[in-house]
Amino acid sequence: MKKNVEYTISYALLLITLAVNVSMPLFRVYAQNEGLNNGQTALVLASYIVGMLPCYIFLGGVSDKIGRKKIMIVSVLFSLLSTTVITFYPEVYALVIARFCQGIALGLSMGTGTAYLTEILNLKQEKHAATQAANMASFSTAIGFSGGALTTTLLIIHEFTLVPLSYPILIGLTIIGLLLMLFLPDLPPIGGKVMRLPFFPENSLPVNIGIGVCWAVTGIVIAIIPGQLAAIGLTSYAGFCLVLVNWTGAFLQPFIRNYNPKKSVQIGYLLIPLGFGLVILGCHLSTLFIILIGASIIGMAAYGFSYLGGLAIISNIGGEQRARAIAGFMFVGYIGFGIPAIFLGYLSDALGIVRALVIFEAIIVLIGLYFIPKVKYK
């Protein structure tokens, strides 16, 4: 076993998630250039679901059947394709194609990558391999989801362009990642059917709903809040919302890795309405600072407590079906990320952004009150 191969796997997950949001600060600009409203913009953002759902629903066991390495390479290739498309065609309809490719990359890689890390660490006889793998995967993806957005935001604030330098840089980094992945160990597949539904272990419902709620809030912040920022002349700063959502969670992770996973998920349920409430208040007052504080708290819940705690619980209770169980966890999370934002987008067009957000705030409070006592972890 070669040394430190787990870092190459983590790098692959980083590349995939960098691609997902590298163009996010320009989503609203691309949409406005075509005259799209909030609801239509949310549909574009959620188009990755068309690529993701078949992977999570029907291909949850594909890496079990043909091997982790092959699926990770395919995932990074789709990620590369998505960035290449939006680089050469910087407009909203090309963005739909890019999002579709990103959905495939995410759908194939998240469960596969975590399972691959776990198996590598097990071969190295590392203690608590599943938890360590969950920590590495969650940290890499949290940094990735925001790193591309931050780079693009800083570049377009400095000099606005529809094709910032972050796009070609990511293409180069991804090609390097593909070359490194060729040297990964090709572990024997564990076998099984390719077309298998995601696995939802006993006691996983409160954990899965928790990540769904948290990511629903992040999806709404990404899809709808830029419209409010545009109304007060701060379009270029929309990327900072996503950066804070992801990085506060990522930087929190080292401090909570040994925290009880059950407590982590429960804290996530408590923090998410607090952060969302501040975002609503900031929108009502047209105050960027309050919106950014709310986004930071949302990040602590979505990519800190709920993500890390939930992934640890699912990795441990999934057993030999760990990849499928994680696929189920991510499936619920990404459904939450995409679907509510579409409804809230159209609702905000009809009622106004603040009123639509208040309705959703009430819903997530009720969900939290019901599921907090039901979170279990052995």
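Q: Why is Asn-203 called partly exposed in this predicted model?
A: The relative accessibility of Asn-203 is 33%. Buried requires a value under 20% and exposed a value over 50%, with partly exposed in between, so 33% puts Asn-203 in the partly exposed class. Asn-203 sits in the loop between helix 9 (166-181) and helix 10.

Q: What makes the phi of Asn-203 worth noting?
A: Phi of Asn-203 is near 70 degrees, which is positive, and the residue is not a glycine. Most residues other than glycine have a negative phi.

Q: Which other loop residue has a positive phi although it is not a glycine, and why is it called partly exposed?
A: Ser-286 has a phi of about 55 degrees. Ser-286 is in the loop between helix 13 (261-285) and helix 14 (288-317). Its relative accessibility is 37%, and partly exposed lies between 20% and 50%, so Ser-286 is given that label.

Q: How do you know whether Asn-316 is buried or exposed, or in between?
A: Asn-316 has a relative accessibility of 37%. That value is not under 20% and not over 50%, so Asn-316 counts as partly exposed. Asn-316 lies in helix 14.

Q: What does Asn-316 touch, leaving aside neighbours within four places in sequence?
A: Asn-316 is in contact with Ala-130, Thr-131 and Tyr-377. Tyr-377 is 61 residues from Asn-316 along the chain, and their C-alpha atoms are separated by 9.3 Å. The contact itself rests on heavy atoms within 4.5 Å, so a C-alpha separation of 9.3 Å does not conflict with it.

Q: Why is Thr-218 called buried?
A: Thr-218 has 1% relative accessibility, and buried means under 20%, so the label applies. Thr-218 is found in helix 10 (residues 205-223). Beyond neighbours within four places in sequence, Thr-218 is in contact with Val-245, Ile-298, Ala-302, Tyr-303 and Phe-337.

Q: Why is Leu-242 given its burial label?
A: The relative accessible area of Leu-242 is 2%, under the 20% limit, so Leu-242 is buried. Leu-242 belongs to helix 12 (residues 238-256). Not counting residues up to four places away in sequence, Leu-242 touches Asn-21, Met-24, Phe-145, Ser-146, Ala-149 and Ile-222. Leu-242 and Leu-150 are 92 residues apart in sequence, with C-alpha atoms 8.1 Å apart.

Q: What makes Val-332, with a relative accessible area of 18%, count as buried or exposed?
A: The limit for buried is under 20%, and 18% meets it, so Val-332 is buried. Val-332 is in helix 15 (residues 322-351). Setting aside neighbours within four places in sequence, Val-332 is in contact with Phe-200, Asn-208, Ile-209 and Gly-212. Val-332 and Ser-23 are 309 residues apart in sequence and 24 Å apart in space, C-alpha to C-alpha.

Q: How is Thr-8 classed at 17% relative accessibility, and why?
A: Thr-8 counts as buried, because 17% is under 20%. Thr-8 is in helix 1 (residues 5-21). With neighbours within four places in sequence left out, Thr-8 is in contact with Leu-180, Met-181 and Leu-184.

Q: How many disulfides does the structure hold, and how are Cys-214 and Cys-283 classed?
A: The structure holds 0 disulfides, which means that no pair of cysteine sulfur atoms comes within 2.5 Å. Cys-214 has a relative accessible area of 1% and is therefore buried. Cys-283, at 2% relative accessibility, also counts as buried.

Q: How many helices and strands does the protein chain have, and how do you know how compact it is?
A: The protein chain has 16 helices and 0 strands. Its radius of gyration is 19 Å, close to the 21 Å that the globule rule gives for 378 residues, so the chain is as compact as a globular protein of that length. The C-alpha atoms fill a box of roughly 55 × 50 × 35 Å along the principal axes.

Q: What share of the protein chain is buried, and what share of its contacts with a separation of 6 or more is between residues 24 or more positions apart?
A: Buried residues make up 60% of the 378 residues. Residues 24 or more positions apart account for 85% of those contacts.

Q: What is the make-up of the accessible surface, and how are the charged side chains placed?
A: The accessible surface of the protein chain comes to about 14,600 Å², and 68% of that belongs to carbon and sulfur atoms. There are 21 positive and 12 negative side chains, and the centres of the two sets lie 10 Å apart.

Note on methods. Residues numbered from 1 in each chain as written. Predicted model: local features only at pLDDT ≥ 70, side-chain atom pairs only at ≥ 80, totals over all residues. Heavy atoms only, no water. Helix = DSSP H or I, 4+ residues; strand = E, 2+ residues; numbered from the N terminus. Rg over C-alpha atoms; globule rule 2.2 N^0.38 Å. Buried < 20%, exposed > 50% of the residue type's maximum accessible area, 1.4 Å probe, protein only. Areas by Shrake-Rupley, 256 points an atom, 1.4 Å probe, with all protein chains shown as cover. Lys, Arg positive; Asp, Glu negative; His and termini not counted. Charge placed at Lys NZ, Arg CZ, Asp CG, Glu CD.
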